[in-house]
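Me: Please take a close look at a single part of this model, the pocket space, and set it in the context of the chain. Which residues lie nearest the centre of the largest pocket?

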Amino acid sequence: MGVGDSEDARTFGTAAPDSPVTRADFERALRAINTNNMLLRDQVLQLAAQVVVLTEELTRRLDGVEPGQPWTPTEATPATIEEALARATPDVLHVVRGNDARSTSGTSFDLGGDKYDELPADVPCGELLPLCHARCCAMRFSLSTQDLDEGIIRWDYGQPYVIRQRGSDGYCVHNDPDTRFCTVREARPRVCRSYDCRDDARVWLDYEARIPAPLTSEPSEEPVTFDLLARARTRTTAVMVEHLGLGATYPDQEPKRGPKP
Ligand code: SF4
Ligand code: SF4
């Protein structure tokens, strides 16, 4: 029984104690964990920003900078450390959050609007499939909470909430490998509806002349392995905080490292 089917559309907490755990239950649990992870992560980032500001301000004061002396080109040094913390932390937090968003360890969403309001791009996909091989369906993108709530479109559990792709050919799992048609067309994500390939050099050398770009790689026969350890290593919040704390304070120096174990 799939997610979204009538028997799965029950309210949380109403299932019998011995009912089987469905994909909907499993994904609900994963989403709860991911949400908590995001909240916790942001609290760590806020703490990191405060540590960076506090370290910087204490260092300046130890170096003899007094309240009233220049702090920024337009501002005087605040009277208290607390005031400096309150004024500078939002800017540093903005940088820290930006770094975190660029890392591969975060949770990503499509924050666009209602996908059913999206006007489809003016591209005759059905007619062009023999040329383009639906290569847009091998691109990575994030799903929206609307997609997650519907429970039809599958996502990569190891990298929430990126579209789930097949290990065999790298295409979205909803793409039919024989016909290249989308098997969930009515519910396809907003990104799929709005994507316009006409000026995308990954797809066309010349759209008007119907000359596709060369395929960059042949579909692999090797299944793509999921390396949990490698992904865990990319969860580098602690390293990033250290880098920001030391690297930003002493920009000309490599961060100091402890003795090798
Ligand atoms: S959007 Fe472009 S690449 Fe994707 S299926 Fe349509 S024509 Fe092909
Ligand atoms: S959901 Fe459909 S249109 Fe979107 S990437 Fe998958 S197969 Fe392609």
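Reply: A residue counts as buried under 20% relative accessible area, as exposed over 50%, and as partly exposed in between (1.4 Å probe, protein chains only). Asp 91, at a relative accessible area of 57%, is therefore exposed. This is a predicted model, in which local features need pLDDT of at least 70 and side-chain atom pairs pLDDT 80 or more, while totals for chains, interfaces and linings use all residues. Residues are numbered from 1 along each chain, chains are lettered from A and ligands numbered from 1 in the order written, and side-chain values use heavy atoms, without hydrogens or water.

Of the 261 residues in the protein chain, 29% are buried. The chain holds seven helices and four strands (DSSP runs of H or I, at least four residues, or of E, at least two, numbered from the N terminus), and from the N terminus on their order is α-β-β-α-α-α-α-β-β-α-α. Asp 91 belongs to helix 2, residues 81–102, and its C-alpha atom is 9.7 Å from that of Val 53, although 38 residues separate the two along the chain.

The largest pocket (an open set of points on a 1 Å grid over the protein atoms alone, where a 1.4 Å probe fits, with protein on both sides within 12 Å along at least five of seven lines; lining residues have an atom within 4 Å of a point) encloses about 740 Å³. Its lining consists of 35 residues, and those nearest the centre are Cys 125, Cys 136, Cys 137, Cys 192 and Tyr 195. Helix 3 (125–132) and helix 5 (190–194) are the elements that give two or more residues to this lining, and helix 3 supplies the largest share, five residues. By class, 25 lining residues are nonpolar, three polar and seven charged (Ala, Val, Leu, Ile, Met, Phe, Trp, Tyr, Cys and Pro count as nonpolar, Asp, Glu, Lys and Arg as charged, the others, Gly among them, as polar).

Ligand 1 takes the space of the largest pocket, and so does ligand 2 (more than half of a molecule's atoms lie within 2 Å of the grid points). The residues around ligand 1 (a heavy atom within 4 Å) include Cys 125, Cys 132, Cys 136 and Cys 197, and its shell has ten nonpolar, no polar and no charged residues. Around ligand 2 stand, among others, Cys 137, Cys 172, His 174, Cys 182 and Cys 192, in a shell of seven nonpolar, two polar and no charged residues.

Conventions. Points joined across faces, edges and corners; volume = space filled by probe spheres on them.
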